[in-house]
Every structure is written in C-alpha cells, then in structure tokens.
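Thanks for making the time this morning. I would like to walk through one structure with you, going from a single helix outward to the way the chains meet.

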Amino acid sequence: MAYFLFFALSIICILSVIFMIFVKDQAYNALFIVLAFACLGGLFALLDAPFIAVVQIIIYAGAIMVLFVFVIMMINLRKEFSPEKKKLTLILSLVIGVVLFIEFLFSVKGAFQQLSSGSTESIGNPTSLGKLLFTKYLYPFEITSVLIIAAMVGAIVLAKKKDKDKE
Amino acid sequence: MIPLSYYLVLSALLFVLGTIAFFIKKDLITQFLAIEVMLSAGNLVFIAFAKAMGTIDGQIIVFFIITVAAAEAAVGLAIILLVYRKKKSIRSEDMNIMKG
C-alpha cells in the first residue's frame, strides 16, 4: 500500500513538473505546480511528518500559489510568447540537467547502503515538534517572525510605488 | 517500508527538472515557479533524512524553509510586478539594462 501511494504520488508530481515545462500558459503552469506541491504533501505524510504535510498543503499549495495566481491575473499577458527558437539553450539545459542528476546520485550513494532501513517508530507528532520549536529552536523562530514582518513591509513598499509616481 | 534511496532519487529528479525548467522557460513567473520546485525538492531530502535518522530536527528545518519561501515569494512577486509596470514585459530576455 505504501509503495503504491509512493509511486502514484511521485509519478503525478514529476509528470506535472514536466507538463509545466511544455505548457506555455502561465496560469496552467501555476495550477500544475499546485498539483505537484499537493503530491509532495502526500509524500511528507508518508514520511511520518503530518504537521509538515499540512503546512505544505496550506501554505505552499494554498497561500503562495494563490499569490502567484493573483499576480498572473494582474499582469494578464494575452500576447503570445514567441516560440523558443534557440535550440542551443534547450540542449545546454538538458546537458546541465543530466550532469547535475549524475552528480546528485554520486553524492548520495553512501546513504543508499548505510541508512536504507530507517527507524520504525513514529517521530513526527506535532506535540514533540512544537516542544522542540519553543525550546531548542526558540531564537530562529523569533528571528523568522522579524523576517516575515520585513518581507511584508518590503512587498507593500515595492508594490505601492506606482501610485506615488502618478500623483 | 519504502527505502530512503527512492526518496533521494525522486528529490534529485525534481531538482533537476526544476533546473531545466528554469533554463528553458522565458518568463519571469515560470522561472520563479521553477525555483519553488527546487526548494521543495530540498525539503523532501530533509524530511527523508529526518525519518531515516529518527530525529525531528529535519522537520523543523523544513518548517523554517517554508516560512522563508513564503517571505521570498511575496517580495519576488512584488519585484516582478514592479518590473512589469516599468517595462511592460516579463520576458527575462528583456531585462538587459546591465548588459555590458
């Protein structure tokens, strides 16, 4: 059952990213990425991380992608992108992809033998995660709140500039 | 029990697909989406190793990564909107002011 879920979720995830590469419309691209992130949430749940799975689906597939869809709606490019005529870019990006993939496989090869079993007990219940978040990782947690406020102010200031220029 | 190596290969594949999408696509929004795919591939590795080592610290790192990604998406999309208002285009080939 776990194998079936894993392969189904990973195949849907990879196929939706591949479709994102080949489909031209940006709104469809964003929806494909929503599908991929929802599948990744399912994979996180398979890996004993229910809290991270819910956060992935609510924040990534929900909030961030809604932001993307809103920006796509505001930009509203109806004119067609000119077809990519540069074959060289395609070939070079495929080459860099293959090289990067082989490099990743070599770099994690040691983990294939050593850690192939994995622990069996459940680790990821939200209670222990919250306890660790408010004891060992308290300072990063607080600094993250400052980062969020800075990003919010920055986004508002950046997006507001046009009105000032107009007046 | 799914072995760890399956997750590592899946994550490597996702990261590579994100890289290829970043280089092939020409508009800023889709390139930004490709960067999000790469971030998620990194998250998958963190959670897979957290499961394999039996510790929960990896999940907390992923929690922070998702928070930072939300902040990054807000600022990045604001910058893309600003670029579109200035140049009426979001093609990355048009951003060539600093070309030497």
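Let me begin with a small consistency check on helix α2 of chain A, whose 21 residues, at 1.5 Å a residue, should span 30 Å, and whose end C-alpha atoms are indeed 30 Å apart, so expectation and model agree. I should say at once that this is a predicted model, and that everything I quote is computed from it. Just after α2(A), the backbone does something worth pointing out, in that A:D48 takes a positive phi of about 65 degrees.

Staying with that helix, which covers residues 26-46 of chain A, I would like you to find A:F37, which sits within it. Is A:F37 buried or exposed? It has 22 C-beta neighbours inside 10 Å, and because the cut-off for a buried residue is 20 or more, A:F37 counts as buried. If we set aside the neighbours within four places in sequence, the contacts of A:F37 are A:Q56, A:Y60 and A:A61 in chain A, together with B:S40 from chain B. Of these, A:Q56 is 19 residues away along the chain, and yet the two C-alpha atoms are separated by 7.3 Å.

Stepping back to chain A as a whole, there are 7 helices and 0 strands, and the pattern read along the sequence is accordingly α-α-α-α-α-α-α. Of the 167 residues in chain A, 23% are buried. Among the contacts in this chain with a separation of 6 or more, 54% come from residues 24 or more positions apart. The domain assignment divides chain A into domain 1, residues 1-78, and domain 2, residues 125-167, and the C-alpha centres of these two domains lie 23 Å apart.

Now to the contact between the chains, which takes 74 residues from chain A and 56 residues from chain B. On the chain B side, α1, α2 (28-53) and α3 (57-87) each supply at least two residues, with α3(B) giving the most, namely 22 residues. By class, the residues on that side of chain B divide into 44 nonpolar, 7 polar and 5 charged.

One helix pair across this contact deserves a closer look: α1 of chain A, residues 2-22, and α1 of chain B, residues 4-24, pack at an angle of about 10 degrees, with their axes 9 Å apart. Because an angle under 35 degrees counts as roughly parallel, that is how we describe α1(A) relative to α1(B). Among the residues that meet here are A:F6, A:C13, A:V17 and A:I21 from α1(A), and B:Y6, B:L10, B:L17 and B:I24 from α1(B). By class, this contact has 15 nonpolar residues, 1 polar and no charged.

Within chain B, for comparison, α2(B) and α3(B) pack at an angle of about 175 degrees, again with their axes 9 Å apart. That makes α2(B) roughly antiparallel to α3(B). The residues that meet include B:L28, B:F32, B:E36 and B:F46 in α2(B), and B:D57, B:I61, B:I65 and B:I80 in α3(B). Here the class count is 13 nonpolar, 4 polar and 2 charged residues.

To close with the two pairs side by side, α1(A) is roughly parallel to α1(B), whereas α2(B) is roughly antiparallel to α3(B).

Notes. Residues numbered from 1 in each chain as written. Chains lettered and ligands numbered in written order. Predicted model: local features only at pLDDT ≥ 70, side-chain atom pairs only at ≥ 80, totals over all residues. Axes fitted to C-alpha atoms, helices over the stretch in contact; angles between N-to-C directions. Helix = DSSP H or I, 4+ residues; strand = E, 2+ residues; numbered from the N terminus. Parallel < 35°, antiparallel > 145°, perpendicular 65-115°, else oblique. Contact = placed C-beta atoms within 7 Å. Nonpolar A, V, L, I, M, F, W, Y, C, P; charged D, E, K, R; others polar. Domains from an automatic or database assignment. Buried ≥ 20, exposed ≤ 12 C-beta atoms within 10 Å, placed from the backbone. Expected span 1.5 Å × (residues − 1).
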